Structure formats: structure tokens, C-alpha cells
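Here is a friendly walk through a structure, taken as a set of questions and answers. Have a look at it first, and then we can go through it together.

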Protein chains: 2
Amino acid sequence: MRNIDENNITQAVLDRMSACSNPRLKEVLGSLVRHLHDFAREVKLTEAEWMAGIEFLTATGHMCDDKRQEFILLSDTLGLSMLTVAMNNAKPEGVTESTVFGPFHVAGAPHVAQGADISAGATGEPLFVTARVTAPDGKPVVGADVDVWQADEDGLYDVQRPNLEHHQARAVLRTDAEGYLRFRTVLPVAYPVPTDGPVGKMLVATGRHPWRPAHIHFMVVATGFERLITHVFRDGDPYMDSDVVFGVRSSLIGQFDQHPAGTAPDGSAMGVPFHTLAFDFVLQPV
Amino acid sequence: MRNIDENNITQAVLDRMSACSNPRLKEVLGSLVRHLHDFAREVKLTEAEWMAGIEFLTATGHMCDDKRQEFILLSDTLGLSMLTVAMNNAKPEGVTESTVFGPFHVAGAPHVAQGADISAGATGEPLFVTARVTAPDGKPVVGADVDVWQADEDGLYDVQRPNLEHHQARAVLRTDAEGYLRFRTVLPVAYPVPTDGPVGKMLVATGRHPWRPAHIHFMVVATGFERLITHVFRDGDPYMDSDVVFGVRSSLIGQFDQHPAGTAPDGSAMGVPFHTLAFDFVLQPV
């Protein structure tokens, strides 16, 4: 086909994929092409804007490495991540809701024992977490692997500290015979998503703030249940209604109680005030 | 806003950009978000597909460097480039049409004199090009800077040869007092776009061939005229109707005439057969 113009090009591209042997790929990529072309036609994209888009995507790719995922951050801040999570994780009443995965998960975090202090040097006010993992009928889920990761009091994840050579505030724990999970960490605080890359420029250019309300990430994997990827948000956070990645669910807001110096839940003597969080995760059977 | 679902998230993202002070950016990004979300809802994008998309974009970014632009190649092969070019370059009858820029242009190619051999070691059958640059009224455009770039007989651009330290089949020439441009190069051949990256995987997965019909790239810049980015395609190419980047215009097909060994247009004695191309570029006044 020659002399393709802006109106017949979409069908020309779809026709070119007619030999695609994977019907789902054909459907997804075909839809993507239609919507991408519709977008360009709708705004009458200029060549300079097209080049700015190419440069933005290239810079986004160059910002990605084994510790930074700028494309996930882009997806998060444009609402695509939460849209995808919401569409694929409709849960029955009573089952814990999902939220965004985020760009800071790291595979291979250290497995630690019940009661461990996972902060591993991360700074912040002490926090003792007691979580329970159950089935919808309340029965404990024993031996679930629970990935936990969060930012420190500076609002930074370990992977955002270039000279840090060990994991901080990041671990994998296994639920005990009653489905419990107990660990010490630091109090999460609200933090801005990284603004030193293309996504930060996009947020500034569109008049958006980069903040996320304080939260701890959890990923729960247990045989016989759907994998749960979620957060527990810290009640009272000022950014609860304007999370830059649109991830807040009311059901995921936990009570982080403050306590004066004294005896901690693990029996240790605390010379400084500390916090406690109790939260239950209810998994959906497969 | 909390508890955002897949239906109200689009408006939530658009609302978040309400403070954007650049109305065009707001329009373009708002439209992009609407179409991106519509795409995800239409195909009910799964989380695994979302992650495959993130990984595809990341790999595409990682393939980009100062000699390779995989995002332009992606845009080209999905028809977005030609759509954008067509929308922005409607030309009056008689003015030379535009086509895609492609991923292989390099800024700072060597300026060479009229009559130069720009192949600079690139292999291929000899080709002598005579081109003229004029205004729509036929008057010569004097002193236009013309960027020329093309692949060699192996179908490779100089930047695709990792150990090559100088430019080959790539130069900038200036039109003479009659608007003429004369140079020697090699005969372009059909070639596959690079298939060793994510775009190549996409083409294979969708049952598409990666070929472009033989062509020479030209970019013509002259005071008082719109910049022209175009190709001259070699007549008779078997891929003329299935160019992988949808770039062929009938008006851009040139006659590449073959001649037996003898005297070349520049007066030199050729011991092997050679080709000639004559082509006129007509620029649009600004």
C-alpha cells in the first residue's frame, strides 16, 4: 500500500498484523494502535511534539535499571497501574483489596525470622507490626511468604541510597501456625516519588505534587490463594486524598498507635516512644 | 480521592492536571491519558500484560543510544510516525511530499563539495545522483543544505557497523547557483529494519516482515522554505507496497537507470556498470 494518509493508516497497520498467530496479542496490539492513532489525530500531534514524546520515552528508559523503574512510575502517575489493578482484582466483600505494586520492589529480599527488626539501619521512629493472614472464613493461612518493603524517615527506600550495600526496611517473613507475622521496623512517612527523572518533569509541568501518603508495601504469596499485592496506609496522612499514584483504598488504612517509652510488644524496654500497627490480611482462595 | 475504580480513574487523573499552566500540554497529555485508559479497559489488560508492556518499553529504552533510536523505530513500525508526518505536511500539488525521518539520521555529518563520492568506503554498485532543488515556480533554490543518508549494499547504515569510526554514505551538500546537487554514492538496496531489539520481536510476534524498499534519505533546509524530510525510493523494489514503516509515496519513486561500463556523468571512466538517478525536489515557501 502506497500514499497512506492520516485517515487510512490505522487500517493499514491493522491489516499488516493479519498474519499474527496469537489472537490475544493481535487484539491487544490492534487496540493499542487504534487508540494511539486516535490520540495523535485528536490533538493533531505536531512533529515537534512527536519528537518530544520520543525523547521523553527514551529518557524514561535510560532512567530504568535494576534499582529504578521509571516506566512503572510513569504508569503509576498516569493512573494506568491503578486502573489495571482495579480491573483485575475485584474482590468479594471482606477480602483485602489490592493496590499498586510501585517501582521499588526488589526480588530476593532477605528472609527473616518472626520478631526480627527489618529496619536494618533504616532511620525512623520504632514501629512494631502485628499482622495476621487468614482465609475469608477466618482460618489462619500458615506458611504464607510475605514480602514487606517501605521507605525510611527521609522518605527513601534502600534502593534510592546509592552507596547502601544491604537491604533496609525490606524483608520476607513467613506466617506462623496461627497465621501471624510480627516484626519491628520504622514508622513510614509521606514521601515524594522520585522527581529527578522524566516523571518528575511531567509532574512539575502539569502542576501536580509528587507525594504519596505514608504506607508499607505487602505482597502475600500462599498456596491455594490469589497473590495479594497491597499497602497499609498510615491513618491521618495529609496526602490520603491526593496520592500521586491514585492508590488509596479506605479499607487499607491502618491505625498506627503511638505509645510512650516503656515495654514494647516484643517485651523489649523502649527508651523512646514507639508505634504499633495491627492489620489483618484476608486472602482470596483460587 | 480514595477508592478509585477503573471507571472513575480517568477523570481523577484529568482533575489532577487541572493546575497545569500550559494549555497545549494539558490538552495533549489529557487526550493521551483518556486514550491510554480506554485501551486498557477495551482489552481488559491483565497485570501480566501490563508488566510485559513495562518490560517492552524498558528494553526499547535500553536499546537507544547515540547511534540507535528504537523508540523512533517503534513509532515507525506502528504507523505513528507516518501518521504524524502526513498530518503535518499536507503539500500543494507539485511540492515534494514528506515521509518518515527514520531512526538513522545523525547530526553533524561531514559537509562535502559538489561531485564528491559520499560513499566513503561503503560498498555497493556505483550510483551518480543529480538532484535539483527549486521553488514551486521552478526557480532554483541556491545554497540549500541537503543532508543525505542511506544504507550500503548489505542494507546497513554506517552507524550499524560498531567498529566503523567514520561516516559512510552520509553527507551534507549545498546546492549550487542553479539549485543543483551532484554526488556519487552506492546503489541503495532493500533492507530489514534492525530486528535484534524489541521492535524486531514485535514484528516476528505479529507475523510481519521487517523490510523497507530501497531508498535514499534527504533532508533539505533552505531559508524561506519549509524543511523537507523525505526519501527517494528505487523504482521496481519488491517491498514498495509493504514498507514496514508505511512510508512510500508514489511521487517519491525515482528512476534508477543502469548503464554499462563507460563514461560516468562526472566524466570519470567506469570499468563496471553504474547507475544514475535524477530527481527534483520542490520546496514549499514558508
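Q: Which residue stands opposite Pro126(B) in strand 4 of chain B?
A: This is a predicted model, so every answer here describes a prediction. Strand 1 of chain B, residues 126–134, is joined to strand 4 of chain B by seven bridges, and the two run antiparallel. In strand 4 of chain B, the residue opposite Pro126(B) is Val186(B).

Q: Which strands stand at the edges of the open sheet of four strands in chain B?
A: The open sheet has the order 4-1-13-10 in chain B, with mixed pairing. An edge strand has a single partner strand, so one side of it is left without a neighbour in the sheet. In chain B that applies to strand 4 (180–186) and strand 10 (256–259).

Q: By how many degrees are neighbouring strands of this sheet turned against each other on average?
A: The strands in question are those in the order 4-1-13-10 of chain B. With direction ignored, the average turn between neighbouring strands of this sheet is 20°.

Q: What is the order of the open sheet of five strands in chain A?
A: Its edges are strand 3 (170–174) and strand 9 (253–254) of chain A, each with a single partner strand, so one side of each has no neighbour in the sheet. The pairing is mixed, and the order in chain A is 3-2-7-8-9.

Q: Which residue of strand 9 of chain A stands opposite Arg234(A)?
A: Strand 8 of chain A covers residues 228–234 and pairs with strand 9 of chain A in the parallel sense, over two bridges. Opposite Arg234(A), strand 9 of chain A places Gly254(A).

Q: How many Å separate the centres of domain 1 and domain 2 of chain A?
A: Chain A is divided into domain 1, residues 9–45, and domain 2, residues 70–282. Taken over C-alpha atoms, the centres of these two domains of chain A are separated by 38 Å.

Q: Which helix gives the largest share of the side of chain A that touches chain B?
A: The contact takes 66 residues from chain A and 66 residues from chain B. On the side of chain A, the elements giving two or more residues are helix 1 (9–16), helix 2 (23–43), helix 3 (47–62), helix 4 (70–77) and helix 5 (80–88). The largest share, 15 residues, comes from helix 2 of chain A.

Q: How many nonpolar residues does the side of chain A that touches chain B have?
A: Chain A gives 66 residues to the contact. By class, this side has 19 polar and 13 charged residues, and its nonpolar residues number 34.

Q: Are helix 4 of chain A and helix 3 of chain B parallel or oblique to each other?
A: Their axes are 9 Å apart, and the helices pack at an angle of about 130°. The crossing of helix 4 of chain A and helix 3 of chain B is right-handed. At that angle, helix 4 of chain A and helix 3 of chain B are therefore oblique.

Q: Which residues of helix 3 of chain B meet helix 4 of chain A?
A: Helix 4 of chain A brings Phe71(A), Ile72(A) and Ser75(A) to this contact. By class, the contact of helix 4 of chain A with helix 3 of chain B has four nonpolar, two polar and no charged residues. From helix 3 of chain B, the residues are Ile54(B), Leu57(B) and Thr58(B).

Q: Which residues of helix 4 of chain B meet helix 3 of chain A?
A: The axes of helix 3 of chain A and helix 4 of chain B (residues 70–77) come within 9 Å and cross at roughly 130°. Helix 3 of chain A contributes Ile54(A), Leu57(A) and Thr58(A). In helix 4 of chain B they meet Phe71(B), Ile72(B) and Ser75(B).

Q: How many polar residues does the contact of helix 3 of chain A with helix 3 of chain B have?
A: These helices pack at an angle of about 95°, with axes 7 Å apart, which makes helix 3 of chain A roughly perpendicular to helix 3 of chain B. Among the residues making the contact are Thr60(A), Gly61(A) and His62(A), along with Thr60(B), Gly61(B) and His62(B). The contact has two nonpolar and no charged residues, and its polar residues number eight.

Methods:
Residues are numbered from 1 along each chain as its sequence is written. Chains are lettered from A and ligands numbered from 1 in the order in which they are written. This is a predicted model: local features need pLDDT of at least 70, side-chain atom pairs count only at pLDDT 80 or more; totals for chains, interfaces and linings use all residues. Two residues are in contact if their C-beta atoms, placed from the backbone, lie within 7 Å. Ala, Val, Leu, Ile, Met, Phe, Trp, Tyr, Cys and Pro count as nonpolar, Asp, Glu, Lys and Arg as charged, and the others, Gly among them, as polar. Axes are lines fitted to C-alpha atoms, for helices over the stretch in contact, and angles run from 0 to 180 degrees between N-to-C directions. Angles under 35 degrees count as roughly parallel, over 145 as roughly antiparallel, 65 to 115 as roughly perpendicular and the rest as oblique. A crossing is left-handed if the near helix is turned anticlockwise from the far one by less than a right angle, and right-handed if clockwise. Two strands pair if DSSP finds at least two bridges between them. Domain bounds come from an automatic or database domain assignment.
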